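Here are two short exercises to work through with the model open beside you. Try each task before you read its solution.

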Amino acid sequence: MSSADEPCCDAPDPHWESREVVGRFADALVCKSCRRTLKLEDWAISLDLPQPERCTNCGGRLDRVPYSGPPDPAAKCNDCGLSVADAKKLHKRLVRLHPTGDYLEAAKACRDLGRLVLAFKLATAQIAYRSDTIEARELRLQALEGLGLIEPALVEAKDWIDRGAPASVFSITAGLEAARGNLDGTLDVLRLGLSTDPQNTRLWTDYAEILAHFDEREDALEAASYGLSSPEYRNRALDVVALIAETYESEDKLQQAVAAVQRAGKFKKRSVRIAWLTARIAARLHQWEEAKAWLRVTLELDPSHREARLALQRLVPEVEPKPSNGGGWLGWMRRSKDG
Ligand SMILES: [Zn+2]
Ligand SMILES: [Zn+2]
């Protein structure tokens with residue numbers, strides 16, 4: 001550790017990361033340059049959602065529980081030893097780190113900084129002391145995933161689904177299943193989510209990505225077409241279309257590649273990958289005007305696209321390039337002539 005006054009090294013680059021420290025979890029401020037730990041904040045966390053008989057700080061059992069109503073402020077946790085009142089005081093102190101003093105806002109700010117343990121504690125406090133909101137619960141799941149606590153996150157997410165969760169939770173759960181390598185489970189959760197909310201563009205986009213992973217090309221394109229309608233998920237859906245079209249192109253199935261690109265409709269001019277691929281396909285089909293037009297689209301979307309710039313330079317002025325000029329761009333043209 002070093003003091004706040006003296007820099008840790010010549011190029012300090014601090015960022016937050018999370019780690020487990022003997023049964024507790026910690027947010028560590030680490031310098032990316034010298035890898036020194038500048039600050040370490042370790043906390044107990046409650047893996048269970050807040051319950052009247054449990055400690056908000058660590059999830060341990062309280063030594064006395066009322067038959068009904070709120071817990072006795074003097075009741076003590078059998079694990080961490082904090083009283084109900086002490087735990088509340090601790091969380092109040094933590095939330096004051098944020099200018100709004102609002103648990104959820106503070107939790108989101110911590111998540112965005114990468115202080116996942118604190119984000120998790122504050123989201124839990126939001127549920128315990130304010131209200132049980134979807135955002136706070138989702139934040140708990142995100143933080144658990146970030147902390148590598150996939151199994152507890154899945155238990156909580158699936159329990160939520162069983163009790164009727166919003167579509168976003170199916171998406172989070174699918175991500176958790178993918179994180180533990182259960183791709184069939186990912187598909188199952190997404191199908192279940194889509195059966196409860198058939199218009200959900202986020203779920204369709206997730207579904208398209210996982211189908212693309214399984215190389216279920218036509219189903220993936222179909223699913224991606226739903227994602228395209230949402231500005232929020234359009235880029236991800238376009239990437240699915242691009243990936244599948246690229247795969248067809250790499251197998252010399254140009255007609256299928258063109259058909260795949262058509263699925264992007266009017267949005268195909270918004271994807272560098274699709275524009276660049278369409279230019280290459282046009283060149284392989286010797287449609288030079290078409291190729292030039294798509295190279296220009298590529299360069300509009302990504303002015304630093306070197307290959308597209310070189311290719312356009314070779315096509316303008318209007319001279320058809322000779323196929324003997326080597327690999328790269330010209331290689332595709334040669335392939336199309338040979339094949
Ligand atoms: Zn440093
Ligand atoms: Zn406790």
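Helix axes here are lines fitted to C-alpha atoms over the stretch in contact, and the angle between two of them runs from 0 to 180 degrees between their N-to-C directions. Please keep in mind that this is a predicted model.

**Exercise 1.** Work out how helix 8 and helix 9 are oriented to each other, and which residues bring them together.

*Solution.*
Step 1. Find helix 8 at residues 201–213 and helix 9 at residues 217–227; their axes lie 8 Å apart and make an angle of about 155°.
Step 2. Angles over 145 degrees count as roughly antiparallel. Helix 8 and helix 9 are therefore roughly antiparallel to each other.
Step 3. Now look at the handedness: the crossing of helix 8 past helix 9 is left-handed.
Step 4. Next, list the contact residues. Helix 8 brings Thr-201, Trp-204, Thr-205, Tyr-207, Ala-208, Leu-211 and Ala-212, which meet Asp-219, Ala-220, Ala-223, Ala-224, Tyr-226 and Gly-227 of helix 9.
Step 5. Sorted by type, the residues of this contact between helix 8 and helix 9 are nine nonpolar, three polar and one charged.

**Exercise 2.** Describe the side of domain 3 that touches domain 4.

*Solution.*
Step 1. Start from the domain assignment, which places domain 3 at 199–268 and domain 4 at 271–339.
Step 2. Count the residues in contact: domain 3 gives 14 and domain 4 gives 10.
Step 3. On the domain 3 side, two or more residues each come from helix 10 (234–250) and helix 11 (254–262). Helix 10 has the largest share, with seven residues.
Step 4. Finish with the residue types on that side of domain 3: nine are nonpolar, five are charged and none is polar.

Terms used. Residues numbered from 1 in each chain as written. Chains lettered and ligands numbered in written order. Predicted model: local features only at pLDDT ≥ 70, side-chain atom pairs only at ≥ 80, totals over all residues. Domains from an automatic or database assignment. Contact = placed C-beta atoms within 7 Å. Helix = DSSP H or I, 4+ residues; strand = E, 2+ residues; numbered from the N terminus. Nonpolar A, V, L, I, M, F, W, Y, C, P; charged D, E, K, R; others polar. Parallel < 35°, antiparallel > 145°, perpendicular 65-115°, else oblique. Left-handed = near helix turned anticlockwise from the far one by under 90°.
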